[in-house]
Amino acid sequence: MSQIKSLADLKKKREEIKTGLDVRIKSIDPENHVQVKVAMATCGIASGAKPIMEFFVEQLDRRNIPGVVTQTGCMGYCFAEPTVEIKLPGKDPVVFGYVDLKKADLIIEKYIKEGELIDGIIPVNYETIDSKE
Amino acid sequence: MSKYNMHILVCGGTGCQSSQSDAILSNLRDEIEAKGLSDKVQVILTGCFGFCEKGPIVKIIPDNTFYTQVKPEDAQIIVEEHIIKGRKVDRLLYRNPETKDAVGDSKHMGFFKKQLRIVLRNCGFIDPENIDEYIARDGYMALGKVISEMTPQQVIQEIKDSGQRGRGGAGFPTGLKWEIASKNKSDEKYVVCNADEGDPGAFMDRSVLEGDPHSVLEAMAICGYAIGASQGLIYIRAEYPLAIHRLKIAIDQAREYGLLGNNIFGSDFSFDIKLRYGAGAFVCGEETALIHSMEGLRGEPTIKPPFPAESGFKGKPTNVNNVETLAAIPIIILKGANWYNKIGTEKSKGTKVFALAGKINNVGLIEVPMGTTLREIIFEIGGGIRDGKKFKAVQTGGPSGGCLMEKHLDTPIDFDNLVAAGSMMGSGGMIVMDEDNCMVSVAKFFLEFTVEESCGKCAPCRIGNKRLYELLNQITEGKGSMEDLDRLRNMSVVIKDSALCGLGQTSPNPVLSTLDNFMDEYVAHVKDKKCPAGKCKNLMEYYIIPENCVGCTACARICPVNAIAGERKEVHQINHDVCIKCGACKDKCKFDAIIIR
């Protein structure tokens, strides 16, 4: 371990380490970040959700979008797997079906960056315990 | 540093650790390893989440899933279901005590909603044994800022402006304390952290030291810079082995980074910290007694002045601050006095940590802004009274504080309001009592503690408290008279006025406040020889209601002293001369035929 000899040293050190705690820090106020939830139940994984999830994790980071990528269980849209739910800050969540790598790229570029809706949205037709509160 | 998608935080506070959180941690790590997820999921041990009621706690990030009462064997299902398949494990989720609904996200838990965590900001969030995680949370930035950009006077001014008052009990302004210590000229000065947490039921200092030890170290160094001291001492009770262990690790790591030691941040300021162990005497929380104990003398208080700021450890100017006071300092420096003094009430700024205990649903550690009402704390954060019973009183301030009742529930809590209501802030213990608590017994309990812990130096505390205890004991045994109540009050006032140290002066508070607020209960004990709560054994009698008794003989069979007589299928009777009032018959009776009166 190297010694910290100035405030600049400490700041540098902090930046080095900070990414490691990124996920935790964002989880304090997830509402202020882009939340990507990839359905990773058996049906999702069988249809190829795993590489989609990895793509989101990698690309959000690479394109400098502050986001949290998590996995969820089966949402019941097994016919449309892989499905991805995107929740932009201050907006209702939107679920995209039949997501492949090309579509994932489009979701990031169009919806996440521009807020522009694209084809393949599955209308929300359920209520959660959370929304009932 | 590799980037993890998910973090599993396992509570490593003393409470959860005694319920096998170590085994949970290692099982989770093994499970993650076995499933080949080591580069995606990070498993770490954190400090206390505060929700000790339902420990051990496991929290999954980023979705803020809050698992309660986890067992080591649950590691497998958590990894297989939650981590791999993304399905929350329903049976481990926290449940709303009223609706019984599972709460998936800790943000929706009433326990956390009303809290504002400043002192506890890193508890349950970072790995306390890893200085890097503290640095990632802006750790040591405040120390860097004061050394590189501020003069000692500016630091003191900032703390004064923030309005912070010491969290150890009396509420003395921190900035003023620092200023006095800084003005006293000496070749050597000392910064002492008082970690001798002695109030029954209070454990916030322990949790801060276990969950975020670096915040205290950083604050001590800031204080050292401000008052011109180069040595820090943490006086901690040996009964806190986990806190000591984590402090040692933290001090070593800080030294390795050069954040403690010589020429910190390349300046000519040097500061180092050592630990001093106490044997757990209550009086050693008093600063003069604490200093004597550190010097190797008997832990007895001496008369102030001289204050430690003039002549403390080894006769040098010494600044003593409590753990909770110190833990807020780095944030005050970083965010500024104007940020801090907007939180709280007019004369009490910032937040206060309370340890909730007693007959409350959510036993644990909470932090709220000053000015939050007792009702919000007890009923919203604390989840109300256990088993749907009725609230009766809340004891704040430990053995130095008093009991507050229903009418005080809507008082905004701060140092001055609590004193006005006949109690005090103390270190922040809050013991909640329901209708089954006898207030005379409660006062007796605290007096028993004070008598046990009195150092014996001054007569008012040594003899006076003993007499108070004896009087209370007589009353609970039904041998008290109305004159005894006057005697209680008079003696309490005398002790208050004449005891040597703060602990002795406040020791009669539980008696005075219960006399003030629950006089009728005292009178019932003395005049009617009855204990309204049914707690004082000598004042109660078990009685069988003839209409309810079916003569099943269950009570007669369970009675250990054969005090119950009666034929089968006929009403039984209790022989009160023989009955030892153990209550076994009442517990056994299926027909609610046995009552206390």
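**Helices of chain B**

Reader: Where does B:Gly383 sit, and what phi does B:Gly383 take?
Author: B:Gly383 comes just after helix 15 of chain B, and its phi is positive, about 75°. Helices here are DSSP runs (H or I, at least four residues), and strands are E runs of at least two, both numbered from the N terminus. This is a predicted model, where local features need pLDDT of at least 70, side-chain atom pairs count only at 80 or more, and totals for chains, interfaces and linings use all residues. Residues are numbered from 1 along each chain as written, with chains lettered from A and ligands numbered from 1 in written order.

Reader: What makes B:Leu374, B:Ile377, B:Ile378 and B:Ile381 of helix 15 of chain B buried?
Author: These four residues are called buried because each has 20 or more other C-beta atoms within 10 Å of its own (12 or fewer would be exposed, in between partly exposed; C-beta atoms are placed from the backbone).

Reader: How do you know that they lie on the same side of helix 15 of chain B?
Author: Their arc around the axis covers only 120°, so they share a side. That arc is taken from the directions from axis to C-beta atoms.

Reader: Why are helix 10 and helix 11 of chain B called oblique to each other?
Author: Helix 10 (residues 213-227) and helix 11 (residues 241-256) of chain B pack at about 55°, with axes 9 Å apart. Under 35 degrees is roughly parallel, over 145 roughly antiparallel, 65 to 115 roughly perpendicular and the rest oblique; helix 10 and helix 11 of chain B are therefore oblique. Axes are lines fitted to C-alpha atoms over the stretch in contact, with angles from 0 to 180 degrees between N-to-C directions.

Reader: Which residues of helix 10 of chain B make the contact?
Author: B:Pro213, B:His214 and B:Leu217 do, contact being C-beta atoms, placed from the backbone, within 7 Å.

Notes. Contact = placed C-beta atoms within 7 Å.
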